[in-house]
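Me: Please take a close look at one part of this model, the salt bridges, and set them against the fold of the chain.

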Amino acid sequence: VRSTILHMDDKDKIEDIFFNDPPKLVLLESPTNPALRVHDLQWITRLCKKSHCISILDNTFAGFHHHGKFDIDIFVHSLTKHACGHSDAMGGAIISDSKIIDQIYPISMTLGATLDPGAASLILRGMKTYFLRTRESATNAKGVFEWLKDRRDIENLKYLGDENHPDYKLCKLNLLMH
């Protein structure tokens with residue numbers, strides 16, 4: 001296995017790799033944690049499809065409700081964070097079409113990548129309030145941003161809803177905020 005780590009802003013280098021030595025898989029996170037950067041998912045998925053490259057998006061920060069707009073092959077999520085909501089269970093989720101899941105499933109069973117019933121129950125409990133918590137978190141984040149943005153003692157404030165954020169337009173395009 002060979003890997004190349006690139007910054008998603010380096011579009012020239014990424015396109016160079018796709019055209020000269022196309023990758024088999026691209027793994028990215030958007031928005032990123034902790035830098036809060038948003039990537040041009042339409043552009044990267046178009047490159048992946050042209051090269052028959054599998055795209056995997058860690059969509060934990062964006063949330064479960066942001067699937068399907070882009071031609072991502074596999075979405076991965078941390079269930080420990082927003083899904084559970086209480087930080088009392090650990091887990092992850094893979095979301096894809098049945099063809100890919102059918103390929104992954106036997107490997108996941110062999111490796112033991114299954115939730116125990118207790119963790120599954122706790123995550124299911126958290127999912128009952130997922131949309132409410134997501135909406136309230138967004139409202140609270142905006143309120144904190146509004147309170148902090150004009151303070152002179154704050155040197156670096158990152159909020160994707162800020163029109164001055166470098167990825168504000170991409171964020172709106174990707175429907176990560178309302």
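Reply: Read from the N terminus, the elements follow the order α-β-α-β-β-α-β-α-α-α-α. That makes seven helices and four strands, where helices (H or I, at least four residues) and strands (E, at least two) are DSSP runs numbered from the N terminus. The model is predicted: local features need pLDDT of at least 70, side-chain atom pairs count only at pLDDT 80 or more, and totals for chains, interfaces and linings use all residues. Residues are numbered from 1 along each chain as its sequence is written, and side-chain values use heavy atoms, with hydrogens and water left out.

The C-alpha trace spans about 50 × 45 × 25 Å along its principal axes. Of the 178 residues, 33% are buried; buried means under 20% relative accessible area, exposed over 50%, and partly exposed in between (1.4 Å probe, protein chains only). Among contacts (heavy atoms within 4.5 Å) between residues at least 6 apart in sequence, 53% join residues at least 24 apart.

Now the charges. The chain carries 22 positive and 23 negative side chains, counting Lys and Arg as positive and Asp and Glu as negative, without His and the chain ends. The centres of the two sets lie 3 Å apart, with each charge placed at NZ of Lys, CZ of Arg, CG of Asp or CD of Glu. Side chains of opposite charge can pair when their charged atoms come close. The structure holds nine salt bridges, each a side-chain nitrogen of Lys or Arg within 4 Å of a carboxyl oxygen of Asp or Glu.

One of them joins Arg 2 and Asp 21, at 2.8 Å from N to O. Arg 2 is in the segment before helix H1 (11–20) and Asp 21 in the loop between H1 and strand S1 (25–29), 19 residues apart. Arg 2 counts as exposed, at 68% relative accessibility, while Asp 21, at 38%, counts as partly exposed.

Arg 37 takes part in two further bridges. With Asp 9 the N to O distance is 3.0 Å. Since Arg 37 lies in the loop between S1 and helix H2 (41–51) and Asp 9 in the segment before H1, this pair ties together parts 28 residues apart in sequence. Asp 9 is partly exposed at 46% relative accessibility. With Asp 167, the closest N and O atoms of the Arg 37 bridge are 2.5 Å apart. Asp 167 belongs to the loop between helix H6 (130–148) and helix H7 (168–173), so this pair ties together parts 130 residues apart in sequence. Asp 167 counts as buried, at 4% relative accessibility. Through shared partners, Asp 9, Arg 37 and Asp 167 form one network of salt bridges.
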